[in-house]
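Subject: Structure handover

Hi there,

Here is the structure I promised to pass on to you. Have a look at it first, and then read on for what I found in it.

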Amino acid sequence: MYKILVADAISSEGLAPLLGHDTIQVVQKKVSEVDDLATYDALLVRSATKVTDELLSQMTNVKIVARAGVGVDNIDIDAATKRGVIVINAPNGNTISTAEHTFAMMASLVRHIPQANISVKSREWNRSSFVGTELYKKQLGIIGFGRIGSEIAKRAKAFGMGVHVFDPFLTAARAEKLGVNAVELEQLLAVADIITVHTPLTKETKGILNADTLSKTKKGVYLLNCARGGIIDEEALIPFLQSGHVKGVALDVFEVEPPVSQPLLEFEQVIATPHLGASTKEAQLNVAEDVAQEVLNYLNGNPVSSSINLPTLSKDVFEKIHPFSSLTKKMGSLLSQCMKEPVQDITVTYGGTVADLETTYITRGFLSGFLQHRVDRSVNEVNASMITKERGITFGERFSNETEGYSNVIKVEVRGDHSSFTLTGTYVQDYGPRIVNIQSFNIDFYPDGHLLYIRHSDKPGVIGRVGKILGDHDVNIATMQVGRKQKGGEAIMMLSFDKSLDEAIVQRLQAFDDIVSVRKINL
Ligand SMILES: NC(=O)c1ccc[n+]([C@@H]2O[C@H](COP(=O)([O-])OP(=O)(O)OC[C@H]3O[C@@H](n4cnc5c(N)ncnc54)[C@H](O)[C@@H]3O)[C@@H](O)[C@H]2O)c1
Ligand SMILES: O=C(O)CC[C@@H](O)C(=O)O
């Protein structure tokens, strides 16, 4: 049974994909009203709930946090990642609503509609105070040209406006396709009659419109922020409003929400809404449906397409990758149990058909399998790279044309303080995962269950003695593979059993002269 906590006001209709399953219980309550936080598998929020490290530490069973919206600034992504909790959002569902809201704010701003509305309702008829400005032929500056920014550009062009955009990640081809003028920030500031911001709030975008950049704008400029509070520095705005340099400002978002003591709200020429960009029936239905479906996918072991802390994969791609990431997880676990010393570096080399896939995900599979024996917290594809780095282990990927006769091959080399260990695996269609080389010994076995890895001398009688000891302890050998490089040199054995071996048997085997080492492995 999966338990899902819906902690903010999310469209009930949109949660339909999660309802009506015998195996899923959906609870709609604020976090503060829940006393069994540790029993929940998934948490769904909008922006009201702050998903902090502290909250996650209480939700010890949570596997996924879903944000029904775009911005994830109310979620501590690093804390979630460290705990192996996937964070997803709903990036597309509220784009149109927010673009339309921004446009409504822009029209309201230049035509003084909110002020005129208050005036008329106060029984005044004061037409001369509300003379506005046309949008037609005005120059619009858009900072941040993603989903919402580009929808605003389309609408601005329909209004006959010139559109200038600043976005360091915007390609010239996309700007040309959308018919906008891609410029540097300074050029945008100099040319725009109206500036609207549509970036996430990051270290780079916080205060992107500040005292310095505002001083480079045209006198009489209008500003809008329907993205995140803080992208326009609220305090820095005040003198520009007082001097009339900034003619008007429209704010849907604030550095502190609700903005109870925000002095900007005292200005007649500042209009505001209470974070309403995404507040339409359509947007709320869209984002709720999107996250509900994604949570269902994740809990059912299927890929999610809008993860913040995991590479996003389509179902097709996931199906291609899954056999390889399962193989590398086993390889990581096997290698970690064979090589019992501190590790400095891990290199995963891909050859053949697997090299064309999203290998970062497959490498994360190896890291999570490897680390699960070395860390005391849950590790999975979400937090594997982060924990590896935290442990000071470097890792990288290589690609090779060498396939050693297989259609696909994954070779891992792990370098430790005193030695290194290599392991090669392949996935054979209709047959499954195989380990085909250990430490340059060719071998062929299925990486699963209870195994024993023995390094020994290639001498008559060694295999017989191993068999006898196991027989003496009533242990049935399920499979046995041997490999050697040359006659009479060192050799390896990989045995599999139906149950885990007692440590005493391992000790007895280890005591033989001709046995170099014995490792008990559980996969
Ligand atoms: N008011 C609301 O209710 C509401 C609703 C939805 C989204 N939002 C906010 O709007 C913002 C944009 O949403 P979106 O869906 O368009 O996101 P998006 O990711 O599609 O677009 C953001 C764009 O900002 C650009 N960008 C990043 N750093 C930049 C920088 N330093 N300078 C200039 N551009 C930069 C990115 O390249 C990207 O193109 C988000 O912060 C989101 O939280 C607010
Ligand atoms: O949940 C909301 O209404 C706000 C959503 C919006 O800020 C977002 O980032 O998607």
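The centres of domain 2 and domain 3, taken over C-alpha atoms, are 48 Å apart. Please keep in mind that this is a predicted model. As for how the chain is divided, domain 1 is made of two stretches, 2–91 and 284–308. Domain 2 covers 95–272, domain 3 runs over 313–436, and domain 4 takes in 449–523.

Now to the ligands, beginning with ligand 1. A total of 26 residues surround ligand 1, and the closest of them are Arg 147, Ile 148, Asp 167, Cys 226 and Asp 252. Sorted by character, that shell holds eleven nonpolar, ten polar and five charged residues. The space that ligand 1 takes up is the largest pocket.

Which atoms make the polar contacts of ligand 1? One nitrogen atom of ligand 1 lies 2.9 Å from a polar side-chain atom of Asp 252. With Cys 226, the backbone is involved: a polar atom there is 3.0 Å from a nitrogen atom of the ligand. Arg 228 takes part through its side chain, where an N or O atom is 3.3 Å from an oxygen atom of ligand 1. Taken alone, ligand 1 exposes 860 Å², and the protein buries 87% of that.

Next comes ligand 2. Which residues surround ligand 2? The shell consists of Arg 46, Arg 67, Gly 69, Val 70, Gly 71, Asn 94, Arg 228, His 275, Ala 278 and Gln 284. By character, these residues divide into two nonpolar, five polar and three charged. You will notice Arg 228 in this list; the side chain of Arg 228 also has the contact with ligand 1 described above. The space taken by ligand 2 is the largest pocket as well.

The polar contacts of ligand 2 listed here run through its oxygen atoms. A polar side-chain atom of His 275 is 2.7 Å from an oxygen atom of ligand 2. For Gly 71, a polar backbone atom lies 2.7 Å from an oxygen atom of the ligand. Arg 67 contributes an N or O atom of its side chain, 3.3 Å from an oxygen atom of ligand 2. On its own, ligand 2 exposes 290 Å², of which the protein buries 91%.

That is what I have for you on the domains and the two ligands. Happy exploring!

Best wishes

Terms used:
Residues numbered from 1 in each chain as written. Chains lettered and ligands numbered in written order. Predicted model: local features only at pLDDT ≥ 70, side-chain atom pairs only at ≥ 80, totals over all residues. Heavy atoms only, no water. Near = heavy atom within 4 Å. Polar contact = N/O pair within 3.5 Å; in protein donor to acceptor, adjacent residues only side chain to side chain. Areas by Shrake-Rupley, 256 points an atom, 1.4 Å probe, with all protein chains shown as cover. 1 Å grid on protein atoms, 1.4 Å probe; cavity = no way out; pocket = protein on both sides within 12 Å on 5 of 7 lines; lining within 4 Å. Sits in = over half its atoms within 2 Å of the grid points. Nonpolar A, V, L, I, M, F, W, Y, C, P; charged D, E, K, R; others polar. Domains from an automatic or database assignment.
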